[in-house]
Amino acid sequence: MKTALLTLLIVLLLPVAVYSQTIGCNPNHNAPPTGAYIWPSDSEVKVYFYRNMFTPAQKETLLEAMKLWTQAARQAAAGVSFTYGGEIEGLIDCRSCLTVTRQEIFKNDHKHYAFFHPLQRRSDGLLISAWIDFDFATVNAEALQGFMTHELGHGMGLGDCTSCKKKQTIMNGFPGINRDNGLIEPSACDLEVVRQVYQLQRQVARNSNEAGRD
Ligand SMILES: [Zn+2]
């Protein structure tokens, strides 16, 4: 009951809390809406790449996106970090684990170029494990970095913003399967939304701990 209530609180209160306190960052205009899930604050997320799916140059761009989000998460007081865990043969489902692979995506639905999928979530909705799918056709270094930064953003509590102005958020749509959306790192408004999302998550966790001591 308590966990269900917490999940409900996060889902209902996040958008209100984020936007009422955010100055200069307007949802669906120059800032993304909040998404449905986040890694817990201060998680050390281990990122694994599928073997033989990425060239050495492509791996460098994936690592760069992870480094940028680790720095951004520190700045936004989320404390989440992304470190490389190595190459694997299949999806890995362990605590704070993220698998990165490729699939035929666009040929299947003619709409999407990449996906972030939660794999396992805690009873309060926070992520335990997840995976990211890129299309086989996304090979350009800048495009791949843009897509990776965008997909990592989903795990930081950011939703898609197709109506946002260009270059205002990494959560914009992409103009093509092999083209970035104008940014290859999180924007100031992306960080602001992340900061608010994690501030609220820490508050909910504190309240939950206090309630648990009653
Ligand atoms: Zn997206």
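1. Lys167, at 55% relative accessibility, counts as exposed, and its place in this predicted model is the loop between strand S7 (156–158) and helix H5 (188–213). The phi of Lys167 is near 65 degrees, which is a positive value in a residue other than glycine. As background to this point, most residues other than glycine have a negative phi.

2. Ala77 also deserves a look, since this residue has a positive phi of about 60 degrees although it is not a glycine. Ala77 is found in the loop between H2 and strand S3 (81–88), and at 44% relative accessibility it counts as partly exposed, because that class lies between the limits of 20% and 50%.

3. Turning to the metal site, the zinc ion is coordinated by His150 through NE2, by His154 through NE2 and by Asp160 through OD, at 2.1 Å. Along the chain, the donors of the zinc ion follow the spacing H-x3-H-x5-D. His150 and His154 both belong to helix H4, and because they are 4 residues apart in that helix they are separated by about one helical turn. Both of these histidines, His150 and His154, are buried.

4. Helix H4 (residues 141–154) also packs with helix H2 (residues 56–75), their axes coming within 9 Å and crossing at roughly 40 degrees. That angle makes H2 oblique to H4, because it falls outside the ranges counted as roughly parallel, perpendicular or antiparallel. The crossing of the two helices, H2 and H4, is right-handed.

5. As for the residues that make this contact, H2 contributes Gln58, Thr61, Leu62, Glu64, Ala65, Met66, Leu68 and Trp69, while H4 contributes Ala141, Leu144, Gln145, Met148, Thr149, Leu152 and Gly153. By character, the residues of the contact of H2 with H4 divide into 9 nonpolar, 5 polar and 1 charged.

6. For the fold as a whole, the secondary structure of the protein comes to 5 helices and 7 strands, and from the N terminus on the elements run α-β-β-α-β-β-α-β-β-α-β-α. Of the 214 residues of the protein, 50% count as buried. Among contacts in the protein with a separation of 6 or more, 72% are accounted for by residues 24 or more positions apart.

Terms used. Residues are numbered from 1 along each chain as its sequence is written. This is a predicted model: local features need pLDDT of at least 70, side-chain atom pairs count only at pLDDT 80 or more; totals for chains, interfaces and linings use all residues. Side-chain values use heavy atoms; hydrogens and water are left out. Axes are lines fitted to C-alpha atoms, for helices over the stretch in contact, and angles run from 0 to 180 degrees between N-to-C directions. Angles under 35 degrees count as roughly parallel, over 145 as roughly antiparallel, 65 to 115 as roughly perpendicular and the rest as oblique. A crossing is left-handed if the near helix is turned anticlockwise from the far one by less than a right angle, and right-handed if clockwise. Contact means heavy atoms within 4.5 Å. Ala, Val, Leu, Ile, Met, Phe, Trp, Tyr, Cys and Pro count as nonpolar, Asp, Glu, Lys and Arg as charged, and the others, Gly among them, as polar. Donors are N, O and S atoms within 2.8 Å of the metal (3.2 Å for Na, K and Ca); water is not among the atoms, so sites may look incomplete. Buried means under 20% relative accessible area, exposed over 50%, partly exposed in between (1.4 Å probe, protein chains only).
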